[in-house]
Every structure is written in C-alpha cells, then in structure tokens.
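User: Please take a close look at one part of this model, the helix packing and the sheet beside it. What touches what, and at which angles?

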Amino acid sequence: MFLKIYLTGHVFFSIIHIMNIDLLLVDVQNDFCSPEGTLYVPNAENDCKAIAHFIYKNMDKIDTIHMTLDTHPFYHIAHPIFWKDANGNHPPVYTQITSKDFANGIYQPVDPSLNERVRDYLFKLESRSRYNLIIWPPHCLLATWGACINKEVYDAVHEWETKKPGRSLNFVLKAMNPLTEHYSAIQAEVPDPADPNTRTNFMLIDKIKGKSLYVAGEALSHCVSNTIKDMCTYISASQITLLTDCTSNVAGFEQIGKEFFDSYTSKGMKSALSTDLI
C-alpha cells in the first residue's frame with residue numbers, strides 16, 4: 001500500500017510504505033488442540049478460542065493467513081513403531097533415544113537396512129543442540145481426525161476468506177518424510193538431501209518478507225519457536241509479533257518456551273494479546 005500526499009501548488013509524492021499484515025498459524029490441529037488428541041498441549045483449546053477471536057476482531061486488517069500442518073505417516077522415526085529394543089519391544093512414548101543408545105544396541109530400527117541412516121541422523125540431530133530424538137505418540141496422521149484443523153479456528157478463517165472473495169488460506173504441509181523430524185515450518189531438523197520438502201522452504205520465506213507477521217499456534221516449545229528461529233535467518237525478528245495468549249508449551253518443556261521468548265524478544269520480536277487491535 002502506498003499513500004500520496006498532495007500540497008497546494010505542488011504535488012509531493014511522499015511515498016509511505018505500509019507493511020502488509022500476515023498471520024501465521026502453526027499446527028492448530030486436533031491432536032494438539034483437543035483434550036482428546038494424542039499429543040494434547042495443555043490449554044491449546046483456549047489458545048484456539050483466542051486465535052479465532054483475534055481473526056474476527058482484525059478481519060479487515062489481515063491480508064494473508066498461512067497455516068502449517070503437521071502431516072505424519074504412521075511409520076515415522078519419532079513414533080514407537082519405527083524402533084525396537086533387544087527384546088523386540090517398541091519404546092514407550094516420550095522415550096528419548098540418543099546416538100549412544102543406538103551404538104549400545106538399546107534401541108535399533110525395526111528395519112536393519114536403515115541402521116546407517118539412523119546413525120547419521122542421530123549424530124546430526126544432537127550436533128544441532130536443540131533436541132534429542134523423542135518418541136512421540138503417533139499424531140497428526142495423514143487423513144485422520146487428529147490432523148484436521150481445530151473447528152473454531154477453521155470457522156474464523158473461513159469467515160475471513162468469505163468476507164473478501166479471492167482471499168485464500170495458504171497451507172504449508174510439513175513432516176511427511178518418515179526419516180526426519182520437522183518441527184519448524186522452514187526446514188526439517190535434519191534435512192534429507194533427496195527430499196526437497198525437508199529443505200529450506202523459500203516459498204514461505206518469500207511470502208512473508210517485508211510483512212508484519214503475527215504468529216500463533218502450537219506448541220511454543222517446539223514448532224512455534226523453531227519456525228520463528230529459522231525464519232529469523234532470513235527476516236528481522238522485529239517483523240514478528242507473537243500472540244502470547246494464543247500459544248502454549250508441550251507439558252514438561254515450559255522452560256524451553258520461556259528461554260525462546262526471552263531470547264527473541266531481546267532480538268526485537270514483539271508480543272501482543274488476542275484482544276489487541278492490529
């Protein structure tokens with residue numbers, strides 16, 4: 001958007017650039033946001049109510065809505081079915097598997113042909129110093145209820161699309177590769193050179209460059225924080241506003257969420273509430 005300022009006797013093209021406003025919704029899916037979900041994030045159902053309220057309140061000011069969707073196959077490196085112990089049992093959910101565990105034979109892939117791939121994966125994952133491999137409950141499985149969008153958020157987004165025909169939600173799918181975790185919407189934790197969908201998502205980066213970006217969704221400790229961290233390699237943290245009453249942490253990882261928030265607000269990231277007007 002540009003604004004022309006006219007003065008009597010002269011025409012001055014005082015070009016003022018007004019940033020477009022985008023909203024990025026991260027993984028607002030039933031498995032995270034419903035108490036019946038397999039990987040429920042405590043308070044996420046209230047986050048979704050707040051997100052919907054924010055969209056309704058700022059309906060005319062939001063130019064674009066991007067929505068990431070965690071989209072897993074059942075057979076996945078972070079699900080129990082992928083692994084077995086020395087007795088052939090799958091690991092319990094929330095088990096952490098380290099490269100040392102693998103080297104000592106505590107856990108091995110069910111498919112032994114993947115041993116070399118897994119060894120390399122665990123080493124690279126740990127070298128990034130973000131997370132060890134965590135075995136999650138199978139969640140957001142493709143084409144299941146758990147992978148679907150929270151209804152209150154969907155209804156608000158649908159109203160936003162309906163109010164101005166031509167506006168369309170931009171879906172960003174992630175995590176379909178069974179051999180890597182994909183918390184961030186920008187890239188997988190360990191990109192697979194053979195799979196472009198795990199490498200840097202420059203299409204999304206290009207869409208948000210130069211925008212004022214509001215961010216909400218689940219979970220702050222994982223997919224929200226890592227998406228913002230990776231985005232800030234390409235855009236300034238000062239372009240981002242985190243809606244703090246529209247995101248929560250995976251239980252037990254609250255400190256990671258706090259450390260992220262403190263670190264990135266010091267880099268210029270702003271914060272707001274769903275009740276605030278843009």
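Analyst: Two strands pair if DSSP finds at least two bridges between them. Helices (H or I, at least four residues) and strands (E, at least two) are DSSP runs, numbered from the N terminus. This is a predicted model: local features need pLDDT of at least 70, side-chain atom pairs count only at pLDDT 80 or more, and totals for chains, interfaces and linings use all residues. Residues are numbered from 1 along each chain as its sequence is written, and side-chain values use heavy atoms, without hydrogens and water.

Start with the pairing. Leu 25 stands opposite Ala 216 in strand 10. Strand 3 (residues 21-26) and strand 10 (residues 212-217) run parallel, joined by six bridges.

Now the whole sheet. It is open, with six strands in the order 9-4-3-10-11-12 and parallel pairing. Strand 9 (170-174) and strand 12 (270-272) are the edges, each pairing on one side only. From one strand to the next, the twist averages 25°. Angles run from 0 to 180 degrees between N-to-C directions; axes are lines fitted to C-alpha atoms, for helices over the stretch in contact.

Helix 2 packs on this sheet. It touches strand 3, strand 4 (64-70), strand 10 and strand 11 (240-243). Contact means heavy atoms within 4.5 Å. The direction of helix 2 makes about 165° with that of strand 3.

Helix 2 (residues 44-57) also meets helix 5 (residues 151-163): their axes come within 8 Å and cross at roughly 10°. Helix 2 is therefore roughly parallel to helix 5 (angles under 35 degrees). Helix 2 contributes Cys 48, Lys 49, Ile 51, Ala 52, Ile 55 and Tyr 56 to the contact. Helix 5 contributes residues including Val 153, Ala 156 and Trp 160.

How values were computed:
Parallel < 35°, antiparallel > 145°, perpendicular 65-115°, else oblique.
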